[in-house]
Amino acid sequence: MEENSMPIFKRITFAQTNPIAGNKKRVWKSLKQIVAVERTLPWKDTDVTYSSINAPPSFVPAKKYSDISGLIAPYTDPHSKLQYHNSEEFQTVRSLPMDLTAGYLALRGASSIV
């Protein structure tokens, strides 16, 4: 009695079938397989595919990370432009020589002040 009261998709005997293809079970494709098939098809330049869709820019500001520890950095040193997490890192940033400061900025991809 309980088996009949359950929704059909929760029954053990339920199998998804395609009425057009007969009683064959549906084979699910992964996104990687779908993209691979799309590349082989003859598409026009104006057609929209999974690989041609661009996401809109994010409204959330990018997170800044400390150049010293890698933690989230709410502060930036105005002299060296290095980002830091707390007052202990600020003392470290202020004690660094200019060549190390330039190296940290180069690793982050920021323009060097030297």
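How many salt bridges does a search of the whole structure find? The search finds two. Both are described below, after a word on confidence.

**Confidence**

This is a predicted model. The chain has a mean pLDDT of 81, and 75% of its residues reach 70 or more. Strand β2 (residues 83-84) has the highest confidence, at 95. Helix α1 (residues 2-5) has the lowest, at a mean of 58. Where pLDDT is low, the predicted coordinates should not be read in detail.

**Salt bridges**

Side chains of opposite charge can pair when their charged atoms come close. The two pairs found here are listed with their N to O distances.

| Positive residue | Negative residue | Closest N to O |
|---|---|---|
| Arg108 | Asp67 | 3.5 Å |
| Arg94 | Asp77 | 3.0 Å |

Take Arg108 and Asp67, whose side chains meet at 3.5 Å. This pair links distant parts of the chain, 41 residues apart. Arg108 sits in helix α4 (residues 98-108), and Asp67 in the loop between α2 and β1. Asp67 is buried, because its relative accessible area of 14% is under 20%. Arg108 is partly exposed, at 31% relative accessibility.

Now take Arg94 and Asp77, with their closest N and O atoms 3.0 Å apart. Arg94 lies in helix α3 (residues 87-95) and Asp77 in the loop between β1 and β2, so the pair ties together parts that are 17 residues apart in sequence. Asp77 is buried, at 1% relative accessibility. Arg94 is partly exposed, at 41%.

**Glu38**

What is the nearest side chain of opposite charge to Glu38? It is Arg39, at 7.7 Å. Glu38 is buried yet has no salt bridge. The cut-off for a salt bridge is 4 Å, so a separation of 7.7 Å to Arg39 does not qualify. Glu38 belongs to helix α2. Leaving aside neighbours within four places in sequence, Glu38 is in contact with Trp43, Thr49, Tyr50 and Ser51.

**A nonpolar patch**

Trp43, a contact of Glu38, also helps to make a nonpolar surface patch. Val37 and Leu41 complete the patch, which covers about 270 Å². Leu41 is found in the loop between α2 (31-40) and β1 (75-76). Is Leu41 buried or partly exposed? Leu41 is partly exposed, with a relative accessible area of 42%. Patch residues need over 30% relative accessible area, so Leu41 passes that cut-off at 42%.

How values were computed
Residues numbered from 1 in each chain as written. Predicted model: local features only at pLDDT ≥ 70, side-chain atom pairs only at ≥ 80, totals over all residues. Heavy atoms only, no water. Patch = residues over 30% accessible without salt bridge, like charges linked within 9 Å, V, L, I, M, F, W, Y side chains within 5 Å. Areas by Shrake-Rupley, 256 points an atom, 1.4 Å probe, with all protein chains shown as cover. Helix = DSSP H or I, 4+ residues; strand = E, 2+ residues; numbered from the N terminus. Buried < 20%, exposed > 50% of the residue type's maximum accessible area, 1.4 Å probe, protein only. pLDDT = per-residue confidence, 0-100. Lys, Arg positive; Asp, Glu negative; His and termini not counted. Contact = heavy atoms within 4.5 Å.
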